[in-house]
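I opened this notebook to keep track of what I looked up, strand by strand and residue by residue. The entries follow the order in which I went through the model.

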Amino acid sequence: MSNEDITLTAGDAEVTVQPGNGGRVGGLRVGGIELLRQGERFGCFPMVPWCGRIRDGRFRDGATVHQMPLNSPPHAIHGTVRDGAWRTARVNTDEAVITYDLVEPWPYAGRVTQQFVLTPDSLTLTMAVETIDSSFPAQIGWHPWFNRTLAGEDGTVGEDVRLDFTPAWQEERGADHLPTGNRLDPRPGPWDDCFGMPGGVDVTLTWPGQLELKVASREEWVVVYDEQEAAVCVEPQTGPPDGLNTLPRQVTPLEPLEATTVWTWHRL
């Protein structure tokens, strides 16, 4: 099937999936109001086969050190699949499945599958990484850009979004933006930081008087980035930044790596 944009609908919710633009969610509209920042690089993109930054773009797998392109010097950031074109495997009114075969510069053969399931009040995103032959370390994550303010149905702009979450700890961030390995009591924002939530990611975004949306995942890591004027990012992921080096998850022929995040919302 082609990699043209896909539109999913359920109730008054509408999602645009863009296989040809890195397999990202290009838009999420509830009652005609767009929740995601618009633009070729925004929406919500998949972070695979790693999340956040890899220190100096290098990671070790056994005795072998691999070098990734430094697309955020001096580091490599957010994986490789957001730059590629995905294939559409299945589409229904409210569900789509797309796939991407890992290619260079990633040194291992593998396939990534994304499933999108929309209901009138939720969007479920599931992603899996499988190996073709040899085992390798990997991470899965999502990088949504939620609009800081929402335009009302009459065109007026509402108040800034409020973030509510209760992490168990905050990863200390070094001058190079990577975790130092120390864990801190959570500090007030603004953030470009990784937090630990051992019971699972649970972050609520509230646009006062308009909408409440919860980002949930069984994974225990979330990066929160709210240093931009236009948007805030709440990024569930299977490990911390530089996790290919510090907390690798192995993809094996018998055990793919899979993760899910669920966004649920209701009007206020």
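Before placing any residue, I note that strands here are DSSP runs of E, at least two residues long, numbered from the N terminus. I also keep in mind that this is a predicted model.

**Entry 1: Q170**

I looked up Q170 and found its place in strand 17, which covers residues 169–173. Is Q170 buried or exposed? With a relative accessible area of 5%, Q170 is buried, because the cut-off for that word is under 20%. I then followed its side chain, which reaches the backbone nitrogen of R187 at 2.7 Å. Setting aside residues up to four places away in sequence, I listed what Q170 touches, and the list includes N182, R183, L184, D185 and P186, as well as R187 itself. W191, D193, C194 and F195 are also among the residues that Q170 touches.

**Entry 2: the open sheet**

I turned next to an open sheet of eight strands and wrote down its order as 10-11-12-13-25-21-20-16, with antiparallel pairing. Which strands form the edges? They are strand 10 (87–91) and strand 16 (162–164), each of which pairs on one side only. From one strand to the next, the twist averages 15°.

Inside that order I picked out strand 13, residues 122–131, and strand 25, residues 257–267, which pair in the antiparallel sense over eight bridges. As a point of register I recorded that T124 stands opposite V262 in strand 25.

**Entry 3: the hairpin of strands 7 and 8**

Strand 7 (residues 58–61) and strand 8 (residues 64–67) run antiparallel and are joined by four bridges. I noted that the two form a hairpin with two residues between them, and that G62 in the turn has a positive phi of about 65°. For the register, I found V65 in strand 8 as the bridge partner of R60. On strand 7 I separated the faces: F59 and D61 make up the covered one, whereas R58 and R60 make up the uncovered one.

**Entry 4: strand 23 and its partners**

I spent longer on strand 23, which spans residues 231–237 and holds C233. How many residues of strand 23 are buried? I counted seven of the seven, so the strand is largely enclosed by the rest of the structure. A231, C233, E235 and Q237 point one way from the strand, while V232, V234 and P236 point the other way, and all are buried.

On the pairing, strand 15 (residues 141–147) runs antiparallel to strand 23 and is joined to it by four bridges, with A231 in strand 23 as the bridge partner of N147. Strand 22 (residues 221–225) is likewise antiparallel to strand 23, through five bridges, and V224 stands opposite V234. Strand 22 and strand 23 form a hairpin with five residues between them.

For C233 itself, I recorded contacts with H143, P144, W145, V223, V224 and Y225, not counting residues up to four places away in sequence. As a check on distance, I took C233 and E95, which are 138 residues apart in sequence and 24 Å apart in space, C-alpha to C-alpha.

**Entry 5: cysteines**

A disulfide is a covalent bond between the sulfur atoms of two cysteines. How many disulfides does the structure hold? I found zero. C51 is in no disulfide, and the nearest cysteine sulfur, that of C194, is 9.5 Å away. Why is C233 without a bond to its closest cysteine? Its sulfur is 9.2 Å from that of C44, which is too far for a bond, because a disulfide needs the two sulfur atoms within 2.5 Å. C51 and C233 both count as buried, C51 at 0% relative accessibility and C233 with a relative accessible area of 0%.

**Entry 6: nonpolar cores**

In soluble globular proteins, nonpolar side chains tend to be buried together. The largest nonpolar core here has 63 residues, and those with the most contacts inside it are W106, F146, L205, L213, W263 and W265. A second, separate core of eight residues includes F45, C51, Y225 and C233. Returning to W263, and leaving aside its neighbours within four places in sequence, I noted L28, L36, C44, P144, F146 and L213 among the residues in contact with it.

Conventions: Residues are numbered from 1 along each chain as its sequence is written. This is a predicted model: local features need pLDDT of at least 70, side-chain atom pairs count only at pLDDT 80 or more; totals for chains, interfaces and linings use all residues. Side-chain values use heavy atoms; hydrogens and water are left out. Two strands pair if DSSP finds at least two bridges between them. Axes are lines fitted to C-alpha atoms, for helices over the stretch in contact, and angles run from 0 to 180 degrees between N-to-C directions. Buried means under 20% relative accessible area, exposed over 50%, partly exposed in between (1.4 Å probe, protein chains only). A polar contact is a pair of N or O atoms within 3.5 Å; within protein, one must be able to donate a hydrogen and the other to accept it, and residues adjacent in sequence count only if both atoms are side-chain atoms. Contact means heavy atoms within 4.5 Å. A nonpolar core is a set of buried Ala, Val, Leu, Ile, Met, Phe, Trp, Tyr and Cys residues joined through side-chain atoms within 4.5 Å.
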